[in-house]
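Visitor: Hi, could you walk me through this one? I'd like to start with the ligand site.

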Amino acid sequence: MASWRNWSGELSCTPERLARPSGTEGVVTAVRQAAAEGRRVRPVGSGHSFTPLAVTDEVMLDLSACDRILHVDRERHRVRVGAGIRLRDLAEALASRGLAMENLGDIDRQTLAGATATGTHGTGPDFGNLSTQIRSLRLVDGLGQIHDLGPDTDGDGGGEQLLAARIGLGALGVVTEIELEVVDAFVLRGHDNTEPLTRVMDEFEQRVAAHRHFEFYAFPYSDRALTRTNDPVDGPPRPPGPLASWLTERLLTTYALEGISRIGRRVPSAIPRLNRFVARAAGEHVRVDASHRVFASARDVRFTEMELSVPRAAGMELLGEILDLIERERFPVNFPIEVRTAAGDDNLLSPAHGRDATYIAVHNFVGLPYREYFDAVWELARRHDARPHWGKRHPATAADLQALYPRWDDFARVRSELDPEGRFANDHLDRVLGPVAG
Ligand SMILES: Cc1cc2nc3c(=O)[nH]c(=O)nc-3n(C[C@H](O)[C@H](O)[C@H](O)COP(=O)(O)OP(=O)(O)OC[C@H]3O[C@@H](n4cnc5c(N)ncnc54)[C@H](O)[C@@H]3O)c2cc1C
């Protein structure tokens with residue numbers, strides 16, 4: 001029996017069987033075998049979720065061998081790929097063909113199926129989460145049957161099964177192939193800067209509107225913010241040399257942050273001073289490179305995280321409330337709060353379903369207390385109709401979530417169609433989705 005651990009190291013399990021099929025037929029065989037044995041199945045990507053979505057002591061299906069580029073239609077800007085491909089490998093393969101994904105999150109280590117299953121997103125008011133780039137997908141259901149889901153394939157003409165499966169939490173079946181809409185490759189100029197927090201908050205809407213991708217990090221106990229602005233530019237990429245890249249990616253964002261986080265863990269009373277120091281020291285930094293290399297950074301310092309999607313206009317109010325809360329309660333928080341935006345979409349369980357979103361992410365270094373802090377933030381955010389990121393920690397239950405998603409019952413119906421026996425259930429899904437409807 002092989003054991004499994006997630007990226008942050010906080011979750012682990014020892015599945016009875018860990019299968020690594022290399023295509024749809026292998027997944028069918030694994031699901032049918034599990035069904036015959038009465039065992040439950042959890043698909044897993046690269047283990048970057050903070051919630052125990054993939055945790056199982058029964059059968060774990062690792063899709064990392066389903067990672068091929070299957071078809072590229074350059075004219076129509078469509079690609080079909082194995083669902084277990086890592087975002088980084090996909091981005092490099094697209095770049096070599098003059099193509100790119102229109103937007104990405106801040107790392108590229110996740111698998112495509114894993115990232116889209118939880119609604120992973122980047123930033124930018126004109127861009128939905130990554131799942132909105134999916135045009136069709138192939139899925140093996142709980143009975144081991146293959147479905148090709150597209151806009152018109154499930155009989156109702158509305159593509160309801162696709163709208164459910166684009167952010168399916170691995171609760172509807174195992175996705176083996178994904179067809180994506182992509183764009184022509186582009187070069188981004190990424191500009192990071194430290195600025196007064198109040199100015200950034202006051203100008204948030206203008207900056208979001210003025211740039212293709214704007215986000216910022218607010219440092220608790222500090223009056224500074226780190227802004228990150230990415231806009232397309234003409235001309236070739238100018239990738240940094242290996243030394244410059246090591247300095248920014250490794251020395252500053254990993255070793256320095258790790259060291260400062262460790263000091264904060266040992267001496268929590270030093271955290272306000274450390275945060276003020278980091279916020280000022282971050283400085284200004286410009287990169288001009290292929291889009292996927294500007295979007296993604298190295299994230300080697302282990303942290304835990306909760307992220308909440310609120311209606312766009314509520315974002316700055318909630319951020320102010322969280323910063324006040326931290327100071328009032330003296331929570332030992334030595335990670336900045338990340339603020340991003342996304343366009344609303346129609347995927348049934350998208351945290352941005354039906355509304356443009358501001359995403360606010362709170363973190364803490366692994367080993368520092370986080371639960372009281374996250375719970376208090378959740379209570380504040382609930383007043384703004386916050387919906388939690390599915391892959392990140394949150395205390396919400398199915399009863400809480402049902403009230404937040406207008407098409408919750410449609411998702412439950414699709415789930416009972418595709419997984420009538422609860423083959424893909426686990427304890428966490430029981431908590432956040434409830435049991436499969438009978
Ligand atoms: C350092 C770090 C940075 C992050 N940055 C961002 C960010 O910028 N934006 C953001 O929104 N999120 C971000 N996340 C969260 C992350 O993108 C999500 O948790 C994502 O789901 C992880 O993908 P994964 O491949 O590791 O999947 P896993 O965590 O392994 O699995 C996630 C879910 O996908 C399901 N799944 C996996 N493969 C399949 C399949 N083939 N078929 C069906 N279901 C499947 C699993 O069952 C599970 O429910 C970050 C996480 C970390 C640790």
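Visitor: So how many residues surround the ligand, and which are the closest?
Guide: The ligand has 35 residues around it, the closest being P43, S46, H48, S49 and T118; a residue counts if one of its heavy atoms lies within 4 Å. This is a predicted model, where local features need pLDDT of at least 70, side-chain atom pairs count only at pLDDT 80 or more, and totals for chains, interfaces and linings use all residues. Residues are numbered from 1 along each chain as its sequence is written, and side-chain values use heavy atoms, leaving out hydrogens and water.

Visitor: Which side chains have an N or O atom 2.8 Å from an oxygen atom of the ligand?
Guide: R340 does, and H389 does too. In S46, a polar side-chain atom lies 2.7 Å from a ligand oxygen.

Visitor: And how much of the ligand's accessible area does the protein cover?
Guide: It covers 99% of the 980 Å² that the ligand has on its own, by the Shrake-Rupley method with a 1.4 Å probe.

Visitor: Which element gives the most to the shell?
Guide: That's α3, with four residues. Helices (H or I, at least four residues) and strands (E, at least two) are DSSP runs, numbered from the N terminus.

Visitor: Switching topic: what's the strand order in the open sheet?
Guide: Its five strands run β6-β7-β11-β9-β10, with antiparallel pairing; two strands pair if DSSP finds at least two bridges between them.

Visitor: Why do β6 and β10 each have one side without a neighbour?
Guide: They stand at the edges of the sheet, each with a single partner strand, so one side of each is left without a neighbour there.

Visitor: How many bridges join β9 to β10?
Guide: Four. R138 stands opposite D148 in β10.

Methods. Polar contact = N/O pair within 3.5 Å; in protein donor to acceptor, adjacent residues only side chain to side chain.
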